[in-house]
Amino acid sequence: MAFEPVNLLTNPGFEAGTATPWAGANVVGASDAAWIAPVEGKWMAQVNGSMAQTITLPDAATLTLSYMANSYDTTRSTSLAMLFDKGDAWTQLVPGDAGAKWTRHTISIPIPDEATTATLRITVNGGPIRYDDFLLAAEP
Ligand SMILES: [Ca+2]
């Protein structure tokens, strides 16, 4: 039986058709732009600023974050942050890709000792970026 990771995020692919509980996301469908359709299901997030969701951390040392991004332009980038209730924040800058295509990003995030909750914050730089199909799970 294959290992099935438990997704710590709610509404990870925006298939609720609304942003909740993501704060700051603008959820759109394929009709938003003729050149970019959602990569998973019918809905995706279009972010021009930042979006964030707070989660309860699992009993694990490391998280795996995986998501699809469509930045359209190399001048647009993503600033990822995991803001823990205890311990230092984790941050990483993810460069954009040229052209309207979806790219999968998979990143390991260490969990500080004593941390019990965290907020995943995605901030765009240089213009709007589309996101879809998030997975945030304990690293096996
Ligand atoms: Ca979706």
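Two strands count as paired where DSSP finds at least two bridges between them, and this criterion underlies the exercises below, which concern a predicted model.

**Exercise 1. Describe the overall make-up and dimensions of the protein chain, and work out whether its radius of gyration agrees with that of a compact globule.**

Solution. Begin with the secondary structure: the protein chain has nine strands and zero helices, so that, by the definition of these elements as DSSP runs, its pattern along the sequence reads β-β-β-β-β-β-β-β-β. Next, take the extent of the chain, whose C-alpha atoms fill a box of roughly 45 × 35 × 25 Å along the principal axes. Finally, compare the radii: because a compact globule of 140 residues would have a radius of gyration near 14 Å, the 15 Å of the protein chain agrees with that expectation. As for contacts between residues at least 6 apart in sequence, 76% of them join residues at least 24 apart.

**Exercise 2. Reconstruct the open sheet of four strands, giving its order and the bridges within it.**

Solution. The order is E3-E8-E5-E6, with antiparallel pairing, and the edge strands, each of which pairs on one side only, are E3 (50–56) and E6 (90–94). On average, neighbouring strands of this sheet are turned by 15° against each other, direction ignored. Proceeding pair by pair, E3 and E8 are joined antiparallel over seven bridges, and Thr56 has Thr117 in E8 as its bridge partner. Strand E5 (residues 77–84) is then joined to E8 by eight bridges, again antiparallel, with Phe84 bridged to Ala118 in E8. The last pair, E5 and E6, runs antiparallel over five bridges, and here Ala81 stands opposite Thr91 in E6. E5 and E6 also form a hairpin with five residues between them, in whose turn Gly87 has a positive phi of about 95°.

**Exercise 3. Reconstruct the open sheet of five strands in the manner of the previous exercise.**

Solution. The strands lie in the order E1-E2-E9-E4-E7 with antiparallel pairing, and the edges are formed by E1 (26–28) and E7 (103–110), each pairing on one side only. From one strand to the next the twist averages 40°. For the pair at the E7 edge, eight bridges join E4 to E7 in the antiparallel sense, and Pro110 in E7 is the bridge partner of Thr62.

**Exercise 4. Decide whether Val47 is buried or exposed, and place this residue within the largest nonpolar core.**

Solution. Val47 is found in strand E2. A residue is buried if 20 or more other C-beta atoms lie within 10 Å of its own; Val47 has 21 such atoms and is therefore buried. The largest nonpolar core has 25 residues, and those with the most contacts inside it are Ala25, Ala45, Val47, Met51, Tyr131 and Leu136. The elements giving two or more residues to this core are E2 (44–47), E4 (62–70), E8 (117–125) and E9 (129–138). Leaving aside neighbours within four places in sequence, Val47 is in contact with Ala25, Asn26, Ile122, Val124, Pro128, Ile129 and Tyr131. Val47 and Thr123, although 76 residues apart in sequence, are 7.9 Å apart from C-alpha to C-alpha. Met51, with residues up to four places away in sequence not counted, touches Trp22, Ala23, Gly24, Ala25, Ala45 and Ile122. Over the whole protein chain, 25% of the 140 residues count as buried.

Note on methods:
Residues are numbered from 1 along each chain as its sequence is written. This is a predicted model: local features need pLDDT of at least 70, side-chain atom pairs count only at pLDDT 80 or more; totals for chains, interfaces and linings use all residues. A nonpolar core is a set of buried Ala, Val, Leu, Ile, Met, Phe, Trp, Tyr and Cys residues joined through C-beta atoms within 7 Å. A residue is buried if 20 or more other C-beta atoms lie within 10 Å of its own, exposed if 12 or fewer, and partly exposed in between; C-beta atoms are placed from the backbone. Two residues are in contact if their C-beta atoms, placed from the backbone, lie within 7 Å. Axes are lines fitted to C-alpha atoms, for helices over the stretch in contact, and angles run from 0 to 180 degrees between N-to-C directions. The radius of gyration is taken over C-alpha atoms; the globule rule is 2.2 Å times the number of residues to the power 0.38.
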